[in-house]
Protein chains: 2
Amino acid sequence: MKALLLIAHGSRRKQSNIEVVMLAEKLKQKCSEHYPIIHAGFLELALPLIPEAIKKCVDDGATSIIMLPYFLNSGRHVIEDIPTIVSDTENDYPNVEIKIAPHLGNSSLMIDLLITTANATK
Amino acid sequence: MKALLLIAHGSRRKQSNIEVVMLAEKLKQKCSEHYPIIHAGFLELALPLIPEAIKKCVDDGATSIIMLPYFLNSGRHVIEDIPTIVSDTENDYPNVEIKIAPHLGNSSLMIDLLITTANATK
């Protein structure tokens, strides 16, 4: 069973973390057929942290987890921190396949998103 | 003449700043007809800073500038810092209209971008 795990940095500002959880909710509404399990997790400053979020997915029955870093740039968090945490955690779940998606700025759709956002600005 | 100004936070990591400048280049290739002037600017840690980036747009002939915050969440930078800098700077250019686009996480296209990114993960 496929899981999608939206990973954000986490913020001292509660509203930012709520936005991430709400985004995960929107993902649920949009693609729960393809990904029956969807959760949000945070690198730091907010809960659940990544290992706990992975556990939530596994507890829900996930056999395959796609981690989706909600980051715009290929900074240290994306290049080092998230892969290290995943690598440390996946040993606990030898029967679960965990993959990390590229950061969002890498997507060709980002250009469309930027242009649409600009054009909609009043 | 319309300008698009991509505003990122700026990073100590050079590669992240280069990614932002390259994204502005991609925007140029894609929508220079609609926005003949396109630049990138940074809130901190990288150059040009926002006031200097606005000046570049004006020097290039911009009469209208859309600032496009390359931020995922409505944090302090988006809610306070960028509007304050714009408000301080726009007095220098009374004939130039400066608008700030919403942060990217607010876009309905973000969901599509996330799903496409997840589905493309190998």
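This passage describes the predicted model, beginning with its confidence and continuing with the sheet of chain A and selected helices of chain B.

The model is predicted: local features need pLDDT of at least 70, side-chain atom pairs count only at pLDDT 80 or more, and totals for chains, interfaces and linings use all residues. Side-chain values use heavy atoms, with hydrogens and water left out, while residues are numbered from 1 along each chain as its sequence is written, and chains are lettered from A and ligands numbered from 1 in the order in which they are written. Chain A has a mean pLDDT of 94 (the predictor's confidence in each residue, from 0 to 100), and 100% of its residues reach 70 or more. For the complex, the predictor gives an ipTM of 0.91 and a pTM of 0.88.

Helices (H or I, at least four residues) and strands (E, at least two) are DSSP runs, numbered from the N terminus. Two strands pair if DSSP finds at least two bridges between them. Chain A contains an open sheet of four strands in the order S2-S1-S3-S4, with parallel pairing. Its edge strands are S2 (37-42) and S4 of chain A, each of which pairs on one side only. On average, neighbouring strands of this sheet are turned by 20° against each other, direction ignored. Axes are lines fitted to C-alpha atoms, for helices over the stretch in contact, and angles run from 0 to 180 degrees between N-to-C directions.

Six bridges join S1(A) (residues 2-8) to S2(A) in the parallel sense, and Leu4(A) has Ile38(A) of S2(A) as its bridge partner. Helix H2(A) (residues 50-59) packs on the sheet, touching S1, S2, S3 and S4 of chain A (contact: heavy atoms within 4.5 Å); the direction of H2(A) makes about 170° with that of S2(A). Chain B contributes helix H4(B) (residues 109-119), which also packs on the sheet and touches S1 and S3 of chain A. The direction of H4(B) makes about 130° with that of S3(A).

In chain B, helix H3(B) comprises 15 residues (76-90). At 1.5 Å a residue, H3(B) should span 21 Å (1.5 Å times one less than its number of residues), and its end C-alpha atoms are 20 Å apart, which agrees. The buried residues of H3(B) (buried: under 20% relative accessible area; exposed: over 50%; partly exposed: in between; 1.4 Å probe, protein chains only) are His77(B), Val78(B), Asp81(B), Ile82(B), Val86(B) and Thr89(B). Their cover includes S1 (2-8), H2 (50-59), S3 (64-69) and S4 (97-100) of chain B.
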